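Here is a short briefing on the structure shown below. The points are grouped by topic.

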Amino acid sequence: MPKLQALIFDVDGTLADTERDGHRVAFNRAFQEAGLDWNWTVELYGKLLEVTGGKERIKFYLDRFRTDFKHPPNLPEMIANLHAAKTRHYTQLLAEGAIPLRPGVRRLLESARAEGVRLAIATTTTPANVTALLEHALAPDSLSWFEVIAAGDIVPAKKPAPDIYFYAMEKMGVRPEECMAFEDSYNGLLAAKAAGLPTIITTNDYTHDHDFADALLVLDSFGDLGMPFQVLQGDVGWTTYLDLDLIRQLHQRAIRSSSVA
Ligand code: XBP
Ligand code: MG
């Protein structure tokens with residue numbers, strides 16, 4: 001039976017609640033700086049999250065919500081410039097310590113390292129954003145904790161396409177049945193499942209009502225000592241936080257029931 005070798009983590013919404021107070025704020029700062037009257041409220045941003053990737057999200061906003069906006073001849077360049085400014089604002093916010101890791105994330109990553117379980121990242125966000133989050137919220141040297149950081153435009157098709165997971169697994173030389181994926185959203189779950197990975201979901205304010213029927217387990221957080229998780233779907237017995245023992249149990253269960261490719 002395949003053994004669990006690697007944990008592959010999504011970033012936004014999974015390692016940290018970056019969307020509402022991080023990405024959204026950074027987009028708005030970039031729009032303001034460019035003299036645009038675009039303002040992404042907390043509620044509107046929830047709808048925009050339907051599309052992953054910042055550049056793709058700006059395009060989606062114009063197509064769906066700003067049909068009045070007269071496209072300049074160089075729209076892709078305009079979007080790329082706005083997005084570069086947004087990345088600058090976002091990484092600045094992280095450098096100021098605006099976004100902490102979610103409960104249990106540090107504990108889980110540290111225990112995986114201690115036990116020699118391999119780690120990787122598979123995210124649609126820009127690589128600079130991952131670096132900023134890890135260095136400021138986890139540890140200055142924590143980029144090196146991850147064997148592969150698969151991020152952003154490294155693959156042309158973003159989540160829900162499985163490509164970013166295929167990329168990470170290929171770089172690590174592991175098979176899907178040797179991994180566990182961690183996601184927070186429907187698009188993320190679609191990507192991981194299409195890559196054949198058993199997936200554990202940790203929900204947040206933007207994603208708690210997504211369809212997670214295909215997930216192995218759905219939690220409201222990874223939980224921690226003194227900060228138990230709520231189990232929204234799945235069976236964990238008496239466990240109150242996600243640790244490697246529970247992940248291994250769930251992995252074996254998934255393999256046995258052949259619910260993964
Ligand atoms: C994350 C995203 C990202 C960020 C913005 O999705 O959708 O687009 O919101 O990042 P996931 P960029 O958590 O599924 O990876 O602006 O750098 O693209
Ligand atoms: Mg996510």
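G97 lies in the loop that joins helix 4 and helix 5. G97 is exposed, because its relative accessibility is 52% and the cut-off for exposed is over 50%. The C-alpha atoms of G97 and A137 are 6.9 Å apart, with the two positions 40 residues apart in sequence numbering. The model is predicted.

**Overall fold**

- The chain has nine helices and seven strands.
- The radius of gyration is 18 Å, and a compact globule of 261 residues would come near 18 Å, so the two agree.
- Along the principal axes, the C-alpha atoms fill a box of roughly 55 × 35 × 35 Å.
- Buried residues make up 54% of the 261 in the chain.
- Among contacts with a separation of 6 or more, 63% join residues 24 or more positions apart.

**Surface and charge**

- The exposed area of the chain is about 11700 Å².
- Carbon and sulfur atoms supply 51% of that area.
- The chain carries 26 positive and 35 negative charges.
- The mean positions of the two sets of charges are 2 Å apart.

**Magnesium site**

- Which residues supply the protein donors of the magnesium ion (ligand 2)? They are D10 (OD), D12 (O) and D184 (OD).
- These donors lie 2.1 to 2.2 Å from the ion.
- Along the chain, the donors follow the spacing D-x1-D-x171-D.
- D10 counts as buried because its relative accessibility is 5%, and the cut-off for buried is under 20%.
- D12 is also buried, with a relative accessible area of 9%.

**T203, a contact of D184**

- T203 sits in the loop between strand 5 (199–202) and strand 6 (217–219).
- T203 is buried, at 4% relative accessible area.
- Beyond four places in sequence, T203 touches the magnesium donor D184.
- The other contacts of T203 in that range are R102, H208, F212, V218, L219, D220 and L232.

**The loop between helix 4 and helix 5**

- G104 is in the loop between helix 4 and helix 5, and so is G97.
- Is G104 buried or exposed? G104 counts as buried because its relative accessibility is 4%.
- G97, by contrast, counts as exposed at 52%.
- G104 and Y241 are 137 residues apart in sequence, yet their C-alpha atoms are 7.7 Å apart.
- Leaving out residues up to four places away, G104 touches F222, G223 and D224.

**Helix 4 and helix 5**

- H89 is in helix 4, which covers residues 75–95.
- H89 is buried, with a relative accessible area of 15%.
- Outside its sequence neighbours up to four places away, H89 touches A26, R29, A30 and E33.
- L109 is in helix 5, which covers residues 105–114.
- L109 counts as buried because its relative accessibility is 1%.
- Which residues does L109 touch, not counting those up to four places away in sequence? L109 touches F9, L119, L138, W145 and F146.
- L109 and L134 are 25 residues apart in sequence, and their C-alpha atoms are 11 Å apart.

**A cis peptide bond**

- The peptide bond from K159 to P160 is cis.
- Its omega is near 15°.
- P160 is placed in the loop between strand 3 (148–151) and helix 7 (163–172).

**V236, between strand 7 and helix 9**

- Where is V236 found? V236 is in the loop between strand 7 (231–233) and helix 9 (244–256).
- V236 is buried, with a relative accessible area of 10%.
- Setting aside neighbours within four places in sequence, V236 is in contact with L217, F229, V231 and L246.
- One of these contacts, L246, falls within the residue range of helix 9.
- V236 and T202 are 34 residues apart in sequence and 14 Å apart in space, C-alpha to C-alpha.

Methods. Residues are numbered from 1 along each chain as its sequence is written. Chains are lettered from A and ligands numbered from 1 in the order in which they are written. This is a predicted model: local features need pLDDT of at least 70, side-chain atom pairs count only at pLDDT 80 or more; totals for chains, interfaces and linings use all residues. Side-chain values use heavy atoms; hydrogens and water are left out. Helices (H or I, at least four residues) and strands (E, at least two) are DSSP runs, numbered from the N terminus. The radius of gyration is taken over C-alpha atoms; the globule rule is 2.2 Å times the number of residues to the power 0.38. Buried means under 20% relative accessible area, exposed over 50%, partly exposed in between (1.4 Å probe, protein chains only). Contact means heavy atoms within 4.5 Å. Accessible areas come from the Shrake-Rupley method with a 1.4 Å probe; for residues, only the protein chains shown count as cover. Lys and Arg count as positive and Asp and Glu as negative; His and the chain ends are not counted. The place of a charge is taken as NZ of Lys, CZ of Arg, CG of Asp or CD of Glu. Donors are N, O and S atoms within 2.8 Å of the metal (3.2 Å for Na, K and Ca); water is not among the atoms, so sites may look incomplete.
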